[in-house]
Amino acid sequence: MRKLGMQCFLKDLFNAPESVMRFLCKLGRLHRVPVCDNNAESNVEHILKYNSLFFTPTERITGKRSQYGNRNLSVKRDFIVDRKILPNIKDNSEKLNNLEMNLKNTENSLTELNSQFNNCSEHRTELEKKQEALRKVKNELRHEVLKISEIQFQIKQLTEIYNKKKAEVIDEEQEKAYVKKKICSANSTKKEILSMMHKLIKEFLLCKKEKLKRILVLKFFREKISSLESEIKTREETQSDIEKRLLEKIVENTELKSQGYRLYHEIKKLDMDKLKPEPHGPES
């Protein structure tokens with residue numbers, strides 16, 4: 001619409017309370033009445049297509065179409081008498097241009113400030129991270145300081161103990177005599193232990209020799225027993241063979257006896273048959 005010459009609406013040319021402005025807009029539709037510059041002279045018909053009333057710096061232009069068709073358009077021009085109630089449109093347009101320039105400058109400065117704000121925010125996050133790291137370092141240093149104070153307290157206690165011990169210094173000669181006495185008693189005890197160990201080693205060696213002798217004797221008897229066992233085994237085997245042969249002989253003897261008994265009975269039977277008298281025969 002600015003190409004047609006429109007600059008603003010009528011309500012933008014003055015300030016009023018909100019309720020008054022609402023009443024005027026409802027009554028006179030001030031928010032729909034455009035205010036144009038001198039370029040609107042060549043675009044009157046185009047502007048009247050959208051609004052039936054508009055203002056130029058010198059005229060009040062209204063358009064009315066015929067009741068029998070929208071083709072015929074009658075334009076009415078009324079010259080505006082400057083009563084100095086409203087500011088001049090030209091001055092107001094310049095002011096509007098200045099305000100637009102100020103708005104653009106403000107927007108540019110706002111973008112710059114936003115970029116600066118973003119940079120500051122990033123810098124702030126970095127500083128917060130550094131602050132957090134420094135806080136951690138501070139806590140670590142605090143722990144180290146506590147450790148150092150504890151170590152200093154322990155050093156103080158040890159120093160006091162050392163001073164007490166230093167105050168209670170033992171007599172060196174008496175301590176030497178006591179140590180010498182203890183060493184002598186320890187040496188005598190050691191000597192007794194060594195003599196007892198010597199005796200025990202001798203007894204152990206004797207027991208070892210006796211054990212070896214007995215092991216050898218046992219080995220000899222074991223070999224003797226094994227030889228006797230082998231001999232007994234061979235004799236048992238020969239005895240079993242003899243018993244087998246004896247059993248065979250007994251079996252043969254029983255067979256011979258049975259054969260002898262049979263022969264004896266047969267002979268006896270034959271003798272009996274001979275002793276019997278024969279019938280019708282001579283006397284024997």
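**Exercise 1. A pair in helix H3**

About how many helical turns separate glutamate 128 and arginine 124 in helix H3? Work out how the two side chains are linked and how open each one is to solvent.

Solution. This is a predicted model.
- Step 1: find the element. Helix H3 covers residues 89–167, and both residues lie in it.
- Step 2: get the spacing. Glutamate 128 and arginine 124 are four residues apart in this helix, so about one helical turn separates them.
- Step 3: check the charged atoms. The closest N and O atoms of glutamate 128 and arginine 124 are 3.2 Å apart, and the two form a salt bridge. The cut-off is 4 Å.
- Step 4: recall the principle. Side chains of opposite charge can pair when their charged atoms come close.
- Step 5: classify the exposure. Arginine 124 has a relative accessible area of 56%, so it is exposed. Glutamate 128, at 39%, is partly exposed.

**Exercise 2. Two further salt bridges**

Find the partners of arginine 214 and lysine 11, and classify the residues by exposure.

Solution.
- Step 1: start with the total. The structure holds eight salt bridges.
- Step 2: take arginine 214. Its partner is glutamate 210, with the closest N and O atoms 3.5 Å apart.
- Step 3: place this pair. Both residues sit in helix H4, and because they are four residues apart, about one helical turn lies between them.
- Step 4: read the accessibility. Arginine 214 is exposed at 54%. Glutamate 210 is partly exposed at 37%.
- Step 5: turn to lysine 11. Its side chain meets that of aspartate 12 in a salt bridge, at 3.7 Å from N to O.
- Step 6: classify these two. Lysine 11 has a relative accessible area of 30%, so it is partly exposed. Aspartate 12 is also partly exposed, at 44%.

**Exercise 3. The nonpolar cores**

Which residues make up the largest nonpolar core, and which of them does leucine 10 touch?

Solution.
- Step 1: list the members. The largest nonpolar core has 10 residues: Cys8, Leu10, Leu13, Met21, Cys25, Leu30, Val33, Val35, Leu53 and Phe55.
- Step 2: assign them to elements. Helix H1 (18–28) and strand E3 (53–55) each supply at least two residues of this core.
- Step 3: trace leucine 10. With residues up to four places away in sequence left out, leucine 10 touches Leu30, Val33, Val35 and Phe55.
- Step 4: look for another core. One of nine residues lies apart from the largest core, and includes Val44, Ile47, Leu48 and Ile61.
- Step 5: recall the principle. In soluble globular proteins, nonpolar side chains tend to be buried together.
- Step 6: set the cores against the chain. Buried residues make up 11% of the 284 residues.

**Exercise 4. Nonpolar side chains on the surface**

Identify the surface patch that contains Leu194, then describe the geometry of the aromatic pair.

Solution.
- Step 1: name the patch. Ile193, Leu194, Met197, Ile201, Phe204 and Leu205 form a nonpolar patch, with about 580 Å² of accessible area together.
- Step 2: locate a member. Leucine 194 belongs to helix H4, residues 172–275. Its relative accessible area is 48%, so it counts as partly exposed.
- Step 3: find the rings. The structure holds one aromatic pair. It joins phenylalanine 220 and phenylalanine 221, with ring centres 5.8 Å apart.
- Step 4: use the angle. The planes stand at 70°, so the pair is edge-to-face. The cut-off for that class is over 60 degrees.
- Step 5: check exposure. Phenylalanine 221 is partly exposed at 47%.

**Exercise 5. A backbone exception**

Is the phi of arginine 29 positive or negative? Place the residue in the chain.

Solution.
- Step 1: recall the usual case. Most residues other than glycine have a negative phi.
- Step 2: read the angle. Phi of arginine 29 is near 50°, a positive value.
- Step 3: locate the residue. Arginine 29 lies in the loop between H1 and strand E2 (34–36).
- Step 4: classify it. Arginine 29 is partly exposed, at 44% relative accessibility.
- Step 5: set the loop in the fold. The chain has four helices and five strands, in the order β-α-β-α-β-β-β-α-α.

Definitions and conventions. Residues are numbered from 1 along each chain as its sequence is written. This is a predicted model: local features need pLDDT of at least 70, side-chain atom pairs count only at pLDDT 80 or more; totals for chains, interfaces and linings use all residues. Side-chain values use heavy atoms; hydrogens and water are left out. A nonpolar core is a set of buried Ala, Val, Leu, Ile, Met, Phe, Trp, Tyr and Cys residues joined through side-chain atoms within 4.5 Å. Buried means under 20% relative accessible area, exposed over 50%, partly exposed in between (1.4 Å probe, protein chains only). Contact means heavy atoms within 4.5 Å. Patches are made of residues with over 30% relative accessible area and no salt bridge: like charges are joined within 9 Å, nonpolar side chains (Val, Leu, Ile, Met, Phe, Trp, Tyr) within 5 Å. Accessible areas come from the Shrake-Rupley method with a 1.4 Å probe; for residues, only the protein chains shown count as cover. Rings of Phe, Tyr and Trp (its six-membered ring) pair if their centres lie within 6.5 Å; planes under 30 degrees apart count as stacked, over 60 as edge-to-face and the rest as tilted.
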